[in-house]
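Got a few minutes to walk through a fold together? Have the sequence and the 3D view open, and we'll go from charge pairs to helix to pockets.

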Amino acid sequence: MKFAYEASDAPATSSMEREIVPAGIHAMEIRHAEEGPNSWKECDQNPTGECLKLRLSVGDYRFIFDDIPQHLGWRAKQLADALGVSADGSQVSLGPDDLVGREIKVEVSHYTSKAGKVSAVVKRYVPAGAASEKPKAKRGPKPAAAVAITTADSDDDIPF
């Protein structure tokens with residue numbers, strides 16, 4: 001099939017020109033989800049590297065790609081908690097068709113590759129209804145330092 005287009009139809013910016021998502025907690029949309037193998041995720045528990053592959057989007061930033069391997073159930077449960085989907089105690093079922101278009105809170109961090117390229121990655125999925133930031137511990141006043149008073153007529157050699 002042939003497609004005709006004009007130069008003005010081309011997008012103003014390509015994904016390579018977009019900036020990466022800043023580190024922190026963001027409400028992101030799941031733009032694409034699919035199941036499939038990823039050779040980088042192969043291990044003894046998952047010899048074919050089966051993953052739930054997600055593409056996350058926020059604003060005019062680059063996509064964040066996150067592959068959740070089938071053998072990391074805790075990571076899938078974290079995603080389910082962010083979606084508000086309940087697990088039955090030992091399993092969680094997440095289908096790609098049910099995920100596309102959903103909005104979730106994601107804590108993003110930055111990763112620097114050996115080649116020096118900085119990428120935004122999913123640090124964790126924030127549970128639905130959780131506060132957007134971790135509460136900071138409140139500190140009370142510092143305890144007063146103990147001061148020992150010595151007198152010239154003390155019986156011991158200890159200077160306090």
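A salt bridge here means that a side-chain nitrogen of Lys or Arg sits within 4 Å of a carboxyl oxygen of Asp or Glu. Keep in mind that this is a predicted model. By that cut-off, the structure holds 5 salt bridges. One of them pairs Arg18 with Asp60, with 3.5 Å between the closest N and O atoms. Arg18 comes from the segment before strand S1 (24-37), while Asp60 is in the loop between strand S2 (50-57) and strand S3 (64-69), so this pair ties together parts that are 42 residues apart in sequence. How covered are the two ends? Arg18 is partly exposed, at 24% relative accessibility, and Asp60 is exposed, at 53%.

**A charge network around Glu107**

Next, look at Glu107. The side chain of Lys123 meets Glu107 in a salt bridge, 3.8 Å from N to O. Lys123 belongs to strand S5 (residues 118-126) and Glu107 to strand S4 (residues 103-112), and the two are 16 residues apart. Glu107 also has a salt bridge with Arg124, where the closest N and O atoms are 2.5 Å apart. That pair again links S5 to S4, this time across 17 residues. Through these shared partners, Glu107, Lys123 and Arg124 form one network. As for cover, Glu107 counts as buried because its relative accessibility is 12%, below the 20% cut-off. Arg124 is at 22%, which puts it in the partly exposed class. In general, side chains of opposite charge can pair when their charged atoms come close.

**The overall layout**

Time to zoom out. The protein chain has 2 helices and 5 strands. Read from the N terminus, the order of elements is β-β-β-α-α-β-β. Of the 160 residues in the protein chain, 23% are buried. Taking the contacts with a separation of 6 or more, 55% are between residues 24 or more positions apart. The surface that the protein chain exposes comes to about 12,200 Å², and carbon and sulfur atoms supply 52% of that.

**Helix H1**

Now rotate to helix H1, which spans residues 73-83. Which residues of H1 are buried? They are Arg75, Ala76, Gln78, Leu79, Ala80, Ala82 and Leu83. And what do the buried residues of H1 pack against? The partners are S1, S2, S3, helix H2 (96-99), S4 and S5. A bit of background helps when you look down the helix: an α-helix has 3.6 residues a turn, so residues three or four places apart point the same way.

Trp74 also belongs to H1, but Trp74 is exposed, with a relative accessible area of 54%. Trp74 and Val92 are separated by 18 residues in sequence, and their C-alpha atoms are 9.5 Å apart in space. Just after H1 comes Gly84, which has a positive phi near 80 degrees.

**Two pockets**

Here are the largest pocket and the second largest pocket in brief.

| Pocket | Volume |
|---|---|
| Largest pocket | about 720 Å³ |
| Second largest pocket | about 440 Å³ |

Start with the largest pocket. Its lining counts 21 residues, and Phe65, Tyr111, Ser119, Ala120 and Val121 are the ones nearest the centre. S3 and S5 are the elements that give two or more residues to this lining. Which element gives the largest share of the lining of the largest pocket? That is S5, with 5 residues. By class, the lining of the largest pocket splits into 12 nonpolar, 3 polar and 6 charged residues. S5 is also the strand that carries Lys123 and Arg124 from the charge network.

The second largest pocket has 17 lining residues, with Pro69, Gln70, Ala76, Val92 and Leu94 nearest its centre. At least two lining residues come from each of S2, S3 and H1. The classes here are 9 nonpolar, 5 polar and 3 charged. Two names come back from the helix section: Ala76 is one of the buried residues of H1, and Val92 is the residue whose C-alpha is 9.5 Å from that of Trp74.

Terms used. Residues numbered from 1 in each chain as written. Predicted model: local features only at pLDDT ≥ 70, side-chain atom pairs only at ≥ 80, totals over all residues. Heavy atoms only, no water. Helix = DSSP H or I, 4+ residues; strand = E, 2+ residues; numbered from the N terminus. Buried < 20%, exposed > 50% of the residue type's maximum accessible area, 1.4 Å probe, protein only. Contact = heavy atoms within 4.5 Å. Areas by Shrake-Rupley, 256 points an atom, 1.4 Å probe, with all protein chains shown as cover. 1 Å grid on protein atoms, 1.4 Å probe; cavity = no way out; pocket = protein on both sides within 12 Å on 5 of 7 lines; lining within 4 Å. Points joined across faces, edges and corners; volume = space filled by probe spheres on them. Nonpolar A, V, L, I, M, F, W, Y, C, P; charged D, E, K, R; others polar.
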